[in-house]
Amino acid sequence: MSLERWAAVDEYYSKLLMPPDTVLQHALDRSNKAELPAINVAANQGKMLMILAQMQRAQRILEIGTLGGYSTIWLARALPDGGKLITLEYEQKHADIARENIKHAGLSDKVEIRVGPAAQTLPALVKEGVAAFDLIFIDADKPGYPEYFEWSMKLSREGTIIIADNVVRDGEVVNQKSDDERVQGIRAFNEVVTKEKRFNATAIQTVGCKGYDGFMIGIVTG
Ligand code: SAH
Ligand code: DHB
Ligand code: MG
C-alpha cells in the first residue's frame with residue numbers, strides 16, 4: 001500500500017464527511033504562505049480530535065504545540081459557550097499566524113495562546129493554579145514529550161483525556177537504535193507513560209495523506 005492510496009482514501013472521506021470549510025482552508029493557506037512546516041494534523045484527524053472533545057464534553061482544553069492553529073481550531077470548535085482552550089507555542093512567528101487564523105475562525109474569545117518553551121509555560125500554569133483540563137493534546141517537539149506528559153498529569157483530574165500525536169513515526173518507534181531524536185523522544189515518553197499507574201492508555205497506528213504515524217490516547221484514572 002502506498003501513500004498515494006492512503007491519500008486518496010483521506011480525500012474520499014474528507015469529501016464525504018468534511019464539507020469545504022473556508023475557515024480551516026484559510027488557516028492552511030496562511031500557514032503555507034508564511035512557510036510554516038505542513039505538519040498540522042490531517043482534516044480527518046482534526047475532526048477526530050473535535051469529536052473526542054465533544055464526547056468528553058470538554059470545557060477546558062490544553063494544547064501543546066500550536067503551529068498555525070489548525071488543530072486548535074478543530075478542538076476549540078468542540079467547546080461550549082464559556083469554554084476555554086489554552087495552546088502553547090515556542091515560535092513567536094507561529095503564534096502570530098495562529099492568532100490571526102483563530103481570529104478569522106471567530107474563536108478568539110475561547111482561545112489563549114501562550115508563547116514560550118512549553119517546559120516553562122507548563123509549570124507556569126501549575127503555579128497559577130489553573131483548573132484541571134478535560135482534554136490535553138500533546139503535539140510539540142518530540143524530545144519534550146516525557147516532560148510535557150508529566151506536567152499534563154499535574155494539570156489533569158480523574159477522567160482527563162490525554163492524546164499525543166506522532167507516536168509511530170513510520171514504525172521507527174520500534175527501532176531502539178534510531179538516531180532520530182524525535183523517535184527517541186517518543187520512546188522516552190512511552191517509558192514515562194508506562195510507569196504512570198494513573199494513566200490508562202492505548203496507541204493507534206494511522207495512515208493517510210500525512211503518511212504513517214499514530215496517536216496515543218488515554219484517560220487519567222485517579
Ligand atoms: N498541533 C499543530 C501542529 C503542531 S507542530 C496542528 O496539528 O495543527 C509542533 C509545534 O510545536 C510547532 O509549531 C513548534 O514550533 C512547536 N514547538 C516546538 N518546540 C516547542 C517547545 N519547546 N515548546 C512549545 N512549542 C514548541
Ligand atoms: C513532525 C511533527 C509533528 O507534530 C507532526 O505531526 C509531523 C511531523 C516533525 O517534527 O517532523
Ligand atoms: Mg503532530
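The exercises below concern a predicted model and are each followed by a worked solution. Local features need pLDDT of at least 70 and side-chain atom pairs count only at pLDDT 80 or more, while totals for chains, interfaces and linings use all residues; side-chain values use heavy atoms, with hydrogens and water left out. Residues are numbered from 1 along each chain as its sequence is written, and chains are lettered from A and ligands numbered from 1 in the order in which they are written.

**Exercise 1. Place Ser-14 and describe its surroundings.**

Step 1. Ser-14 belongs to helix 1, residues 3–17. Helices (H or I, at least four residues) and strands (E, at least two) are DSSP runs, numbered from the N terminus.

Step 2. The relative accessible area of Ser-14 is 19%, so it is buried (under 20% relative accessible area; exposed is over 50%, partly exposed in between; 1.4 Å probe, protein chains only).

Step 3. A polar atom of the Ser-14 side chain lies 2.8 Å from the backbone oxygen of Asp-10.

Step 4. Leaving aside residues up to four places away in sequence, Ser-14 touches Pro-19 and Ala-43 (heavy atoms within 4.5 Å).

**Exercise 2. Locate Leu-67 and Asn-166 and give the phi of each.**

Step 1. Most residues other than glycine have a negative phi.

Step 2. Leu-67 has a positive phi, near 50 degrees. This residue sits in the loop between strand 1 (60–64) and helix 4 (70–76). With a relative accessible area of 15%, Leu-67 is buried.

Step 3. For Asn-166, phi is also positive, about 65 degrees. The loop that holds Asn-166 runs between strand 5 (161–165) and helix 8 (181–195). Asn-166 is buried, at a relative accessible area of 13%.

**Exercise 3. Describe the burial of strand 5 and its pairing with strand 4 and strand 7.**

Step 1. Five of the five residues of strand 5 are buried. Ile-161, Ile-163 and Asp-165 point one way, and Ile-162 and Ala-164 point the other way.

Step 2. Strand 4 (residues 135–138) runs parallel to strand 5, joined by four bridges; two strands pair if DSSP finds at least two bridges between them. Ile-163 in strand 5 is the bridge partner of Phe-137.

Step 3. From strand 4 the chain passes through helix 7 (residues 145–154) to strand 5 in a right-handed β-α-β crossover (with the strands pointing away from the viewer, the path from the first strand over the helix to the second runs clockwise).

Step 4. Strand 7 (residues 211–220) pairs with strand 5 in the antiparallel sense over five bridges. Here Gly-218 of strand 7 is the bridge partner of Ile-162.

Technical notes:
Polar contact = N/O pair within 3.5 Å; in protein donor to acceptor, adjacent residues only side chain to side chain.
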